[in-house]
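Trainee: I have a chain open on my screen and would like to go through it with you. Could you take me through how it is put together?

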Amino acid sequence: MSDPGASDPGARVSGAHWWDPDRANHLAARPRFCPNCGDAVTGAEGISVEYWEADRKVFHTWCNTCGWAGDIVRIQRMVGHEPED
Ligand SMILES: [Zn+2]
């Protein structure tokens, strides 16, 4: 059985589990590239661990290439301001 959400299409799956939808969502939403150097952070190139703060998904991510580590949060809307000229 292959895993359609995996970066490796040949990844082995041990069978259907109750957590499969969460796993597929994690694989689809996780960061793929380092925000500091742009290298991949999937597989052996880094790690991205998901945790939750209420209804907000946070991906604690580490890059093996440059050593950057931090939290990445996907947002739907950003409110900011522009400084006066
Ligand atoms: Zn990096």
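Mentor: Let us begin with a term that we will need for the strands: two strands pair if DSSP finds at least two bridges between them. By that rule β2 and β3 pair in the antiparallel sense, with 4 bridges between them. Please keep in mind throughout that we are looking at a predicted model.

Trainee: Okay, so how many helices and strands does the chain have?

Mentor: There is 1 helix, and there are 3 strands, and if you read along the sequence you meet them in the pattern α-β-β-β.

Trainee: And what is the order of the strands in the sheet?

Mentor: The sheet is open, its 3 strands are arranged in the order β1-β2-β3, and the pairing is antiparallel. The edge strands are β1 and β3, each of which pairs on one side only, and from one strand to the next the twist averages 20 degrees.

Trainee: Over how many bridges do β1 and β2 pair?

Mentor: Strand β1, which covers residues 46-53, and strand β2, which covers residues 56-63, pair over 8 bridges in the antiparallel sense. If you want to find this pairing on your screen, look for Y51, whose bridge partner in β2 is V58, and then for E53, which stands opposite R56 in β2.

Trainee: Which residues of β3 should I look for across from F59 and H60?

Mentor: F59 has I72 of β3 opposite it, while H60 stands opposite D71, also in β3. As you step along, remember that in a regular strand the side chains alternate between the two faces of the sheet.

Trainee: What about the turns, which residue takes a positive phi in the hairpin of β1 and β2?

Mentor: That is A54, with a phi near 55 degrees, in a hairpin that has 2 residues between the strands. In the hairpin of β2 and β3 there are 5 residues between the strands, and here G67 takes a positive phi near 85 degrees.

Trainee: Changing topic, which element has the lowest mean pLDDT?

Mentor: Among the elements, that is helix α1 (residues 20-29), with a mean of 88, whereas strand β3 (residues 69-72) has the highest, at 97. Over the whole chain the average pLDDT is 86, and 85% of the residues score at least 70.

Trainee: Last one: what share of the residues counts as buried?

Mentor: Of the 85 residues in the chain, 7% count as buried. As for contacts between residues at least 6 apart in sequence, 31% of them join residues at least 24 apart.

Conventions
Residues numbered from 1 in each chain as written. Predicted model: local features only at pLDDT ≥ 70, side-chain atom pairs only at ≥ 80, totals over all residues. pLDDT = per-residue confidence, 0-100. Buried ≥ 20, exposed ≤ 12 C-beta atoms within 10 Å, placed from the backbone. Contact = placed C-beta atoms within 7 Å. Axes fitted to C-alpha atoms, helices over the stretch in contact; angles between N-to-C directions.
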